[in-house]
Amino acid sequence: MRLLIILIALITFLTACSDSNPIFQEVTKGRAEVVSITITPDALDINESSSSQKFSVFANYQNNTKKDITAQAQWISTNSTVGTVNDQGYFQIRNTGDTTISAAFQGFISNEATVSVSGFSVLYVDKAYTGITEGTKSQ
């Protein structure tokens, strides 16, 4: 009899703590686990007439909610000579060509976004060879 009471109490407790129990879901709602992260847009074609281009990354949680984590994510570029993404999600052009962008957050890696940069002339000036002192003006 005593064993039966303990068994019923255990089953009742496990049922109350089940993920399918709406009361349990409400209590744990604020602690939902990240299940994936997603970048938008999934492709950018940047040329000389393009305005600033911005990526966003969202954490997708087990309770079907999502949160913008653009500023918290670490951005990855497969070809940083073409460009990288800053902390606000803006793609920073360095050269023409193609690269792939992804993001990392809490051990998750996002989908990949392709970036194609064309129509720009990039000029690098090395102040060591110009004879111009930083902060001076020239005409």
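In the predicted model, strand E8 and strand E10 (residues 113–117) are joined by five bridges and run antiparallel. Within this pairing, Thr99 is positioned opposite Val115 of E10. Strand E8 itself spans residues 97–105, and seven of its nine residues are buried, so that the strand is mostly covered under the criterion of less than 20% relative accessible area.

Strand E8 also pairs with strand E5 (residues 74–77), again in the antiparallel sense, through four bridges. Here Ser77 faces Ile101 of E8 across the pairing. A further antiparallel partner of E8 is strand E9 (residues 108–109), to which E8 is linked by two bridges. Phe105 has Phe108 in E9 as its bridge partner. Strands E8 and E9 form a hairpin with two residues between the strands, and in this hairpin Gln106 adopts a positive phi near 50 degrees. Strand E8 is thus described by its pairing with E5, with E9 and with E10.

A separate description applies to strands E1, E3 and E4. These three strands make up an open sheet, arranged in the order E1-E3-E4 with antiparallel pairing. Strand E1 (34–40) and strand E4 (66–68) occupy the edges, each pairing on one side only. From one strand to the next, the twist averages 25 degrees. Between E1 and strand E3 (residues 56–61), the antiparallel pairing extends over six bridges. One of the residues involved is Ser36, whose bridge partner in E3 is Asn60. In a regular strand, side chains alternate between the two faces of the sheet.

Outside the strands, the surroundings of one loop residue were examined. Asn86 is located in the loop that lies between strand E6 (83–85) and strand E7 (91–93). Its relative accessibility is 18%; because the cut-off for burial is under 20%, Asn86 counts as buried. A polar atom of the Asn86 side chain lies 3.0 Å from the backbone nitrogen of Tyr90. When residues up to four places away in sequence are not counted, Asn86 touches Trp75 and Gln92. Of these residues, Trp75 falls within the range of strand E5 (residues 74–77), and Gln92 within that of strand E7 (91–93). The loop residue Asn86 therefore combines a buried position, at 18% relative accessibility, with a side-chain polar atom 3.0 Å from the backbone nitrogen of Tyr90.

How values were computed:
Residues are numbered from 1 along each chain as its sequence is written. This is a predicted model: local features need pLDDT of at least 70, side-chain atom pairs count only at pLDDT 80 or more; totals for chains, interfaces and linings use all residues. Side-chain values use heavy atoms; hydrogens and water are left out. Buried means under 20% relative accessible area, exposed over 50%, partly exposed in between (1.4 Å probe, protein chains only). Two strands pair if DSSP finds at least two bridges between them. Axes are lines fitted to C-alpha atoms, for helices over the stretch in contact, and angles run from 0 to 180 degrees between N-to-C directions. A polar contact is a pair of N or O atoms within 3.5 Å; within protein, one must be able to donate a hydrogen and the other to accept it, and residues adjacent in sequence count only if both atoms are side-chain atoms. Contact means heavy atoms within 4.5 Å.
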